[in-house]
Amino acid sequence: MLAIKELTKKYDSFTALDNVTLSLDNGVYGILGANGAGKSTFLNLITDNIKRTSGEILYNGTEILSMGAKFRKKVGYTPQLQGMYEDFTAGQFLRYIGTLKGMKHKDIKEQTAENLSIVGLDKAAHKRLGSFSGGMKQRVLLAAAMLDDPEILILDEPTAGLDPEERIRLRNHIAGISADRTVILATHVVSDIECIAQKVILLKKGKLLRFGTPMELIDEITDKVGEFHGSFEEVNAMKERCGKGQMMQRRDGFVLRAAEKDLPPEFAPAENVDLEDVYLFYAEGRE
């Protein structure tokens, strides 16, 4: 159990994270928020990469600051930016990370082979990272983060820059390893978490707006999502009038889909409300 209590981070007069409180158990927790919402700050506080202004982070009841290296040993972290040695092979990179973690040589050898197999790169273990696609590099970073069997896995924008096929493949790998550990996945790509997250953490300007299952969050706004159908000119004019919303083209014509508290009367109730609508409703401030 990871318990976060009144966690706050300030930089002079700017508050990057504001009094966040929640508890996390095993499973996938997706953090949603626009750029600047506080996602990376939240992750960096949990990994103790930056110092908090106030609040507590407890692991099974013990403050992580008092645990020091013992806590960090339980954490696997995949940062947003890919900092890798291009001349290393995938196997060399994992062995290097395992050495930095202080693992035994035998365990490094066994887990390097096992983790590369889990992420589907066992046949590429001897290939240099410089020849890998972005998706393959992200899978190598995931395999490295899983070394020493961490109980908490923290992933910061792991699918950024990946094509749809690579994103789906990596997402499936994340889901497959989440049963017996806490996985915290930060992203602004809603589709990355809507199928695999047990709960969603929705941040905006450093504040915790919502924390619940995808279905709970969807149920909250079902009657606040609507669509306006018409010609391109009509839909575009409505978008200009509303100021926000998603303009789409479907088989039967053009649609403006919007999520807000008070929809214009021209909008009909939308079907198949999803997490994307939840994100737009709160991120665009139409609540």
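A salt bridge here is a side-chain nitrogen of Lys or Arg within 4 Å of a carboxyl oxygen of Asp or Glu. By that rule, a search of the whole structure turns up 17 of them.

Some ground rules before the details. This is a predicted model, where local features need pLDDT of at least 70 and side-chain atom pairs count only at pLDDT 80 or more, while totals for chains, interfaces and linings use all residues. Residues are numbered from 1 along each chain as its sequence is written, and side-chain values use heavy atoms, with hydrogens and water left out.

**Salt bridges**

Three of the pairs look like this:

| Pair | N to O distance |
|---|---|
| D18 and K207 | 2.5 Å |
| D192 and R171 | 3.6 Å |
| E266 and R241 | 3.0 Å |

Take D18 and K207, whose side chains meet at 2.5 Å. This pair links distant parts of the chain, with D18 in strand β2 (residues 14-24) and K207 in strand β10 (residues 207-212), 189 residues apart. Strands are DSSP runs of E with at least two residues, helices are runs of H or I with at least four, and both are numbered from the N terminus. For exposure, buried means under 20% relative accessible area, exposed means over 50%, and partly exposed is in between (1.4 Å probe, protein chains only). D18 has 27% relative accessibility, so it counts as partly exposed, and K207 is partly exposed too, with a relative accessible area of 43%.

Next come D192 and R171, bridged at 3.6 Å. D192 sits in the loop between β8 (182-187) and β9 (199-204), and R171 is in helix α7, 21 residues apart. Are these two buried or exposed? Both D192 and R171 are buried.

Then there is E266 with R241, at 3.0 Å. E266 lies in the loop between β13 (253-259) and β14 (268-269) while R241 is in helix α9 (residues 232-242), so the bridge ties together parts that are 25 residues apart in sequence. E266 counts as partly exposed at 35% relative accessibility, whereas R241 counts as exposed at 53%. Elsewhere, E227, R250, R257 and D277 are joined into one network by salt bridges that share partners.

**Around T8**

T8 lies in strand β1 (residues 2-11) and, at 7% relative accessibility, counts as buried. Contact means heavy atoms within 4.5 Å. Leaving out residues up to four places away in sequence, T8 touches L17, D18, N19, R52, T53 and S54. So D18, from the first pair in the table, shows up here as a neighbour of T8. A polar atom of the T8 side chain also lies 3.0 Å from the backbone nitrogen of N19.

**Two enclosed helices**

Why is α6 described as largely enclosed by the rest of the structure? Because ten of its twelve residues are buried, among them K137, Q138 and R139. What covers the buried residues of α6 includes β6 (75-78), α4 (90-100), α5 (105-118), β7 (152-156) and α7 (164-176). Its length checks out as well: the expected span is 1.5 Å times one less than the number of residues, which gives 16 Å for residues 134-145, and the end C-alpha atoms are 17 Å apart, in agreement.

Helix α1 (residues 39-46) has seven of its eight residues buried, so α1 is also largely enclosed by the rest of the structure. The buried ones are K39, T41, F42, L43, N44, L45 and I46. Just after α1, D48 takes a positive phi of about 65 degrees.

Definitions and conventions. Polar contact = N/O pair within 3.5 Å; in protein donor to acceptor, adjacent residues only side chain to side chain.
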